[in-house]
Amino acid sequence: MIKRSDEVATALSEGRPVVALESTIISHGLPQPRNLKVAAELEEIVRAAGAVPATIAVLDGVPRAGLDKGELERIATEPGLRKLGFRDLAPAAALGVSGATTVSATSFLAARAGIRVFATGGLGGVHRGWTTVQDESADLDTLSRTRITVVCAGVKSILDVPATLQRLETRQVAVVGYRTDEFPGFYLTTSGEPVDWRIETPAEAAGIMRAQDRLGGPETALIVANPVPEAEQLDPALHDRVLAEALRAADAEGVTGQAITPFLLEYLVRATSGASLEANLAAVRGNVALATEIAQSWAQG
């Protein structure tokens with residue numbers, strides 16, 4: 001059973017806009033004490049625009065949609081907090097474990113709670129060298145069977161972007177570019193890969209959501225790819241150089257599996273003197289703002 005906060009439950013019952021936010025950026029993506037400040041900032045972006053934020057997490061085995069101040073502090077400061085994907089939700093619930101939710105777990109819990117719009121930084125996807133290691137994020141599978149709209153800055157640039165887009169097509173997950181013809185590159189404004197559909201307004205995104213429901217079919221997600229502003233992106237030349245270094249370092253140290261993503265992201269933060277983290281946060285802020293506008297259009301019916 002998902003526990004909705006009173007604020008979230010009331011907003012949903014009244015048909016007011018609600019935006020889901022993930023919690024791994026708080027627990028695992030940012031250093032203390034900045035993580036708690038960013039968590040509060042992102043919720044305030046939603047509230048200031050007239051919607052209700054629903055940060056998703058699992059506390060003492062109970063999935064939560066919407067956290068109060070004390071619960072948000074737990075996510076930001078509690079030692080040993082687990083990182084929970086969709087597959088981890090049942091064990092966490094049965095064993096009374098607390099954890100922050102990834103894109104796959106957040107998408108599932110938000111949809112089950114009745115929330116249709118979710119803002120995050122970048123999605124997981126197909127890893128480089130997939131033909132050898134067959135490493136693919138669970139995000140893609142969950143989004144192929146969860147009716148939710150995810151506003152993101154593309155997929156993490158450490159991944160195989162063309163392969164990820166191909167996988168999303170195969171899984172019948174619609175991808176639209178928000179005021180762009182090119183798929184964003186997470187830290188970068190563009191990955192260089194085209195998108196098939198472009199929208200110009202939040203209302204158009206809400207219109208696609210309604211068309212999904214009218215058409216029926218598989219309960220797939222809608223991905224709204226929102227580029228980080230060019231002035232706030234990571235310098236592309238620096239990005240490419242450091243990412244190449246990070247990939248070589250991972251290979252030399254034998255880093256594989258679930259450890260590869262945090263290894264590469266941490267390497268980028270260190271080697272860019274924090275510039276990659278600032279680009280990530282710029283993307284997240286923009287995604288939360290856009291998701292709020294989409295949620296408002298969706299709530300208007």
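Which residues in α3 meet which residues in α4? In this predicted model, N35, L36, A39, A40 and E43 are the ones on the α3 side, and they touch L72, E73 and A76 in α4. Sorted by character, the residues of this contact come out as 5 nonpolar, 1 polar and 2 charged.

The geometry of this pair is easy to picture. Helix α3 covers residues 34-48 and helix α4 covers residues 69-77; their axes come within 9 Å and cross at roughly 135 degrees. That angle makes α3 oblique to α4. As for handedness, α3 goes past α4 in a right-handed crossing.

Just ahead of α3 there is a little oddity in the backbone. P33 sits in the loop between α2 (24-27) and α3, and the peptide bond leading from Q32 into P33 is cis, with omega near 0 degrees. Why point this out? Because most peptide bonds are trans.

Further along the chain, a second pair of helices packs together. Helix α10 (residues 202-215) and helix α13 (residues 275-299) have axes 8 Å apart and pack at an angle of about 55 degrees, so α10 and α13 are oblique to each other. Here, too, the crossing is a right-handed one, with α10 passing α13. On the α10 side the contact takes in P202, A203, A205, A206, M209, R210 and D213, and on the α13 side L290, E293, I294, S297 and W298. Split by type, the residues where α10 meets α13 give 8 nonpolar, 1 polar and 3 charged.

Another backbone feature turns up at Q172, which lies in the loop between α9 (161-170) and β9 (174-178). Phi of Q172 is near 65 degrees, a positive value even though the residue is not glycine. That is worth a second look because most residues other than glycine have a negative phi.

Now zoom out to the domains. The domain assignment of the protein gives domain 1 as 1-115 and domain 2 as 128-300. Measuring tape in mind, how far apart are the C-alpha centres of domain 1 and domain 2? They lie 20 Å apart. Where the two parts meet, 28 residues of domain 1 are in contact with 22 residues of domain 2. The size of an interface is often given as the accessible area lost when the parts come together. For domain 1 and domain 2, the buried area is about 1,800 Å², and 68% of it falls on carbon and sulfur atoms.

Note on methods:
Residues numbered from 1 in each chain as written. Predicted model: local features only at pLDDT ≥ 70, side-chain atom pairs only at ≥ 80, totals over all residues. Heavy atoms only, no water. Axes fitted to C-alpha atoms, helices over the stretch in contact; angles between N-to-C directions. Helix = DSSP H or I, 4+ residues; strand = E, 2+ residues; numbered from the N terminus. Parallel < 35°, antiparallel > 145°, perpendicular 65-115°, else oblique. Left-handed = near helix turned anticlockwise from the far one by under 90°. Contact = heavy atoms within 4.5 Å. Nonpolar A, V, L, I, M, F, W, Y, C, P; charged D, E, K, R; others polar. Domains from an automatic or database assignment. Buried area = accessible area lost by both parts, 1.4 Å probe.
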